[in-house]
Amino acid sequence: MNPIPVKTTFILSLLLLGACQTPKPAAGTVAMAEHSTTAPAKALWQSPAYAIYPDSVVQGNFVARVLSPTEMTSNYKSPANAFLSPKVTFKFSINGKDNEMLSGKDHQFVCLAGGGSCQTPLLTFGQQYVDTTAVPANTYLAPNTELKIRLDMRPVLAAFKKQGYYTTFNGDKLYKEDFKGVFVAGSTSPLIWDFDNLANHQELALKDPDADGIYETTLKMNAPQDDKTTASHWQLSKDIAAFPQYTSPYPVADAIYNLSLEEMIRAVEPDSTFRTGKEWAGVWTRDISYSIILSMAALQPRVARYSLMCKVKDGHIIQDTGTGGAYPVSTDRIIWATAAWELYKVTGDADWLKEAYQIIRNSMEADVKNAYDATTGLVRGESSFLDWREQTYPEWMQPVDIYESENLGTNAVHYQANVILAQMAKLLNDKEAAAKYNQVAEKIKTSMNEHLWLADKGYYSQYRYGRNFKTISPKAEALGEALTILFGIADAEKQAQLVASTPITAFGIPCISPQIPGIPPYHNNAVWPFVQAYWTMASAKAGNEAAVVESIGAIYRPTALWLTNKENFVAANGDYAGTQINSSNMLWSLSGNLGLVYKVLFGMEFQASSLVFKPFVPEIYGGARKLTNFKYRGAVLNVEMNGYGNEIRSITMDGKPLADAEVPASLTGSHTIKIELANNTIGGEVNKQEVQFAPLTPAVTYTSDSLQWKPVDGAVKYSLLQNGQQLLTTAASEAKLPISATYAAFQVIAMDEKGLESFASEPVVVLGKVRQVYELEKMTKKASQQYKGYSGSGFVEISKTRNKKLTMKVSVPEAGVYALDFRYANGNGPINTSNKCAIRTLRNGNTFVGTVVMPQRGEGEWSDWGFTNAVQVPLEKGTHTLTLSLEAANENMNGEVNQAMLDYLRVYKIN
């Protein structure tokens, strides 16, 4: 599925999960032809970008034709390789980290290959090179161009020799002992911008064979094997008769349905679990869960159950490996609950209900301690499914900052999980638990509408982020927006406003909007068909026909042109080749195509004791359609439906009226259901926009009593925040700060003439007078490891066997709210994979005050120190006994390694 390349790097970190998971490969950039092909007169959907016809899909010179419901052809070929610019943008990286220069500050070299090769001048690490060579019109990067890159690392090596470390542009110390190598990242294949995964691409490593400090590598650019193409012909080759058969007046829809059924069959592994995608082996918690909700519970309940149980360990749901060591930086594992509930509603299996209930409950109890914010009522953790940090977060945010963020989609799935726990508890006659979980759900829902709803934009904000004081990102987040509608977090008025207001681009709804500049497409500047499917369902529920029609087109177009269900494509041009990683035969994409038929057109809504029909058929897709051999518990349903609209004029089963359009779960045998729609006009509108990019995030420095930043391209003004609230706006690139003796965190947001906002800059903190540092090696035996970069006389180790409970006495001179955090190191894994985030419980006396999270900071990089999340604690004047302990709720996803080094504890008053 999707991670940062969380999944790409995973090839090295799958030992824990075994056959349940493996990784994805990567891809290049693209251009699009003008619309030129003559097509049938009546289009189901038409725009300047593409058109959907009953028997074809047309995008410029590319045409997909339906020869029959079981055969299609397409002449699509990605134009990515044909139009690669000779201007190569890149940056160097020590140890696979983005540590050479500020964000947006890259090297630029024009590779006009004479004789098939070109060479950069000798570049110096940390000093930007910009090639001013003019690029002639219609000049592109020649195929098989060899690019030699030369890098002077002598200043870095000299610093290693002189002082034992090199100080990077942002002040971090990189120690000689931790130096593993230097890599090049960039925008043109085989270069990638995925810093976290550079170490897995040794072809991008620079070498110094003669040890003179000059590192070099030669890359083959625009190689023919990078040519992007998909199948030109599809003909059904699997027996799909065991599954529901769909026919309609629209051959393109019927053929795509059958293709998706065939790919579903291909997605079942020999062990009866689902394969995530052609290039993604194994089961991933979020991928399988979102797929099951869309359609796999109804189509493959046995395989769905096996796959869900593959993601359970010690009675708890497994969080996929990811940012900072997975859980609790990422907390969207709880979407498993919605999938498990969907499976119960489809099957009515009482044993599954009991089993799933206990697993969800166990997981939720840990989540409440580790991730629930008692102050806001929201849930912490990375955006659900958007798990590649640079793709949706500002670059300054560390994994611990991502843990601290409170995200739209993640909160939506936690809300729904609590609703489901309450419903399960009610069925299992546990009234007390039902009331408890309903109360938690209501708190999350209320908090989401209070803290995340943007009344001026008409949709929910992407997330709250920051450190001790949060601000909101005003970006729209497509999956989260859809889930607020589908789960009933948004009321009817908000639902209608949300669907009409959320930005939609020519090729579909992008994962986020506006986009982040300088970040290549994957989640950024990309459309994911499974997200589009959820958006279609949400648009139908909100009663917006225009949004549904456009969304159906955005799902049909890529499937037909590429003759497979791809994972994603570039929002700006609709091409699959420009995203960082992609896969064919993608489970959640094909599940969305099938779910479009069941859950939108026929409007099938599974409930605990029945199946209800709530059809939504746009007028342009009206007519007679059939869905036969649909298995529901002990019954087989053959459904005939005619007309259009979202109102039912009449519905019968075996010739008799079907009350409330509801099929009871107790039904057995074969039955015929006939539905006549009311042919009612629904209406609706969408917020169609070009793909837009927000300004770059300002890089802010602090001197004396003012902040300064380099002017941001395109910015017309800047907003200065103090403790998350706007202090002032200015057109200048500096601002005087108010004099204050208390804690203050300042951030700057750049705004362009369209009103688009950058991310807020990294907080610049001016500490008040009440602040203390406690060296932990004075409180217990110091560790024996020979790591560097600590303060004081040493540091202490915490693990599953050492210092499981650490006691600390602190004294504060006055009452107030204090932030407590620890300087720590965790070298148990890379930032983007593995599952060894260290977790501890912080108590004041016997009172629980918060969870301390210590994400991984780099494989073997134990001299790379950072700070944990800050736990805010009200303290009275005087001495307090704090404990940092490993408790049952603090188990991470690894189970064996839960370790970190602690340097000191900071205590500072913030209020």
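## A tour by selection

Begin by selecting Lys 97, Lys 180, Arg 857, Glu 861 and Asp 864, which are linked in a network of salt bridges; keep in mind throughout that this is a predicted model.

Within that network, show the side chains of Lys 97 and Glu 861, which meet in a salt bridge with an N to O distance of 3.1 Å. Because Glu 861 lies in the loop between β50 (847–854) and β51 (866–867), while Lys 97 lies in the loop between β6 (87–94) and β7 (107–110), this pair ties together parts that are 764 residues apart in sequence. Glu 861 is buried, with a relative accessible area of 8%, and Lys 97 also counts as buried, at 19% relative accessibility.

Stay on Lys 97 and add Asp 864, since the side chains of these two residues meet in a salt bridge as well, here at 2.6 Å from N to O. This pair, too, links distant parts of the chain, with Lys 97 in the loop between β6 and β7 and Asp 864 in the loop between β50 and β51, 767 residues apart. Asp 864 counts as buried, at 15% relative accessibility.

Next, select Glu 365 and Lys 436, whose side chains meet in a salt bridge of 3.1 Å, N to O. Glu 365 lies in helix α6 (residues 350–371) and Lys 436 in helix α10 (residues 431–451), so the pair ties together parts that are 71 residues apart in sequence. Glu 365 counts as partly exposed at 35% relative accessibility, and Lys 436 counts as partly exposed at 36%. Across the structure, the count of salt bridges comes to 40.

Now turn to the strands and select β31 (residues 623–632) together with β16 (residues 245–247), which pair in the antiparallel sense over three bridges; here Thr 247 stands opposite Lys 626 in β31. Then add β32 (residues 634–643), which runs antiparallel to β31 and is joined to β31 by eight bridges, with Phe 630 standing opposite Leu 637 in β32. What lies between β31 and β32? The two strands form a hairpin with one residue between them, and Arg 633 in the turn has a positive phi of about 50°.

Finish with the cysteines. The structure holds one disulfide, and selecting Cys 111 and Cys 118 shows this link, with an S to S distance of 1.9 Å. The link is left-handed, with -80° about the S-S bond, and both Cys 111 and Cys 118 are buried. Two further stops are Cys 511, which is buried with a relative accessible area of 2%, and Cys 837, which counts as buried at 0% relative accessibility.

Definitions and conventions:
Residues numbered from 1 in each chain as written. Predicted model: local features only at pLDDT ≥ 70, side-chain atom pairs only at ≥ 80, totals over all residues. Heavy atoms only, no water. Disulfide = S-S within 2.5 Å. Buried < 20%, exposed > 50% of the residue type's maximum accessible area, 1.4 Å probe, protein only. Pairing = 2+ DSSP bridges. Helix = DSSP H or I, 4+ residues; strand = E, 2+ residues; numbered from the N terminus. Salt bridge = Lys/Arg side-chain N within 4 Å of Asp/Glu carboxyl O.
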